[in-house]
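Colleague: I'd like a close look at one part of this model: the annotated binding site and the helix packing that goes with it. Take your time and spell out your cut-offs as you go.

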Amino acid sequence: MVIACADSRVCPSNILGFQPGEVFMIRNIANLVPTMKNGPSECNAALEFAVTTLQVENILVIGHSSCAGIEALMNMQQDREPRNFTHNWVANAKVAKLKTKPATSHLSFDQQCRFCEKESINQSLLNLLSYPWIEDRVRKELVSIHGGYYDFSNCSFEKWTLDFKECNVKEEKNSYIVKEKELWC
């Protein structure tokens with residue numbers, strides 16, 4: 001299963017060479033996975049179908065450079081309520097933004113956005129674990145969760161796997177460890 005941005009420049013079939021029927025796909029703004037507590041959505045329904053009915057063995061969340069959705073998130077004012085559908089959606093990644101700001105305060109806005117693009121992928125990987133049918137299959141090693149990042153500037157693709165055993169998703173300040181990092185150029 002692949003969760004990718006709706007941006008037409010990030011077509012998982014083109015980037016990774018998938019043929020029709022090889023992968024179940026969700027596409028949305030900024031390739032976000034909301035937590036289960038956010039309630040029903042098309043994303044949640046597709047996740048449930050892919051994991052419980054199709055019994056996918058891998059879930060890959062693919063982000064990309066120059067993501068306008070992440071830029072919208074980074075431009076949102078901290079103290080304001082989301083004011084439209086786009087802001088309501090990208091607010092699903094506010095934890096990534098909160099982690100990005102202190103870690104990148106010395107960097108330019110563009111560099112902060114690049115950092116947040118990857119951080120939002122990792123947050124989506126953690127959010128996948130908020131769904132009991134996913135967490136159960138990950139715990140039983142029936143499903144693996146992966147992150148991927150496509151960089152337009154050098155046509156590279158970075159892939160990593162969430163190390164479930166080292167994750168802390170039960171506390172407010174969740175944390176993660178990745179393993180099996182690869183870079184394809």
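Modeller: Here's the confidence first, then the site, then the helices.

This is a predicted model, so local features are kept at pLDDT of at least 70 and side-chain atom pairs count only at pLDDT 80 or more, while totals for chains, interfaces and linings use all residues. Residues are numbered from 1 along each chain as its sequence is written, and side-chain values use heavy atoms, with hydrogens and water left out. As for pLDDT, the predictor's per-residue confidence from 0 to 100, the protein averages 89, and 89% of its residues reach 70 or more. Helices (H or I, at least four residues) and strands (E, at least two) are DSSP runs numbered from the N terminus. Among those elements, β3 has the highest mean pLDDT, 97, and β6 (residues 178–184) the lowest, 71. Where pLDDT is low, predicted coordinates shouldn't be read in detail.

Now the site. An unreviewed UniProt entry puts a "binding site" at C5, D7, H64 and C67. Those four are spread over 63 residues of sequence yet cluster in space, with a largest C-alpha distance of 9.2 Å. UniProt positions follow the numbering used here, feature names are shortened, and annotations may be inferred rather than shown by experiment.

Take D7 to begin with. D7 sits in the loop between β1 (2–5) and α1 (12–16), and its relative accessibility of 17% makes it buried; buried is under 20% relative accessible area, exposed over 50%, and partly exposed in between (1.4 Å probe, protein chains only). Leaving aside residues up to four places away in sequence, D7 touches R27 and H64, where contact means heavy atoms within 4.5 Å. So D7 meets another of the annotated residues, H64.

C67 belongs to the loop between β3 and α3 (68–75), and with a relative accessible area of 3% it counts as buried too. With the same sequence exclusion, C67 touches C5, A30, R114 and E117. C5 is in the annotated set, and E117 leads us to the helices, since it also belongs to the α6 side of the contact with α3.

α3 and α6 pack at an angle of about 110°, with axes 9 Å apart, which makes α3 roughly perpendicular to α6. Axes are lines fitted to C-alpha atoms, for helices over the stretch in contact, and angles run from 0 to 180 degrees between N-to-C directions. Under 35 degrees counts as roughly parallel, over 145 as roughly antiparallel, 65 to 115 as roughly perpendicular, and the rest as oblique. The contact involves I70, E71, L73, M74 and N75 of α3, and F109, Q112, C113, C116, E117 and S120 of α6. This crossing is right-handed: the near helix is turned clockwise from the far one by less than a right angle, whereas anticlockwise would be left-handed.

On α3 itself, G69, I70, A72, L73 and M74 are buried, and the buried residues pack against α4 (85–90), α5 and α6.

That leaves α5 (residues 94–104) against α6 (residues 109–128): their axes come within 8 Å and cross at roughly 140°, so the two are oblique to each other. Their crossing is right-handed. V95, A96, K97, K99, T100, K101, A103 and T104 on α5 meet Q112, F115, C116, E119, S120 and Q123 on α6. Q112, C116 and S120 also appear in the contact with α3.
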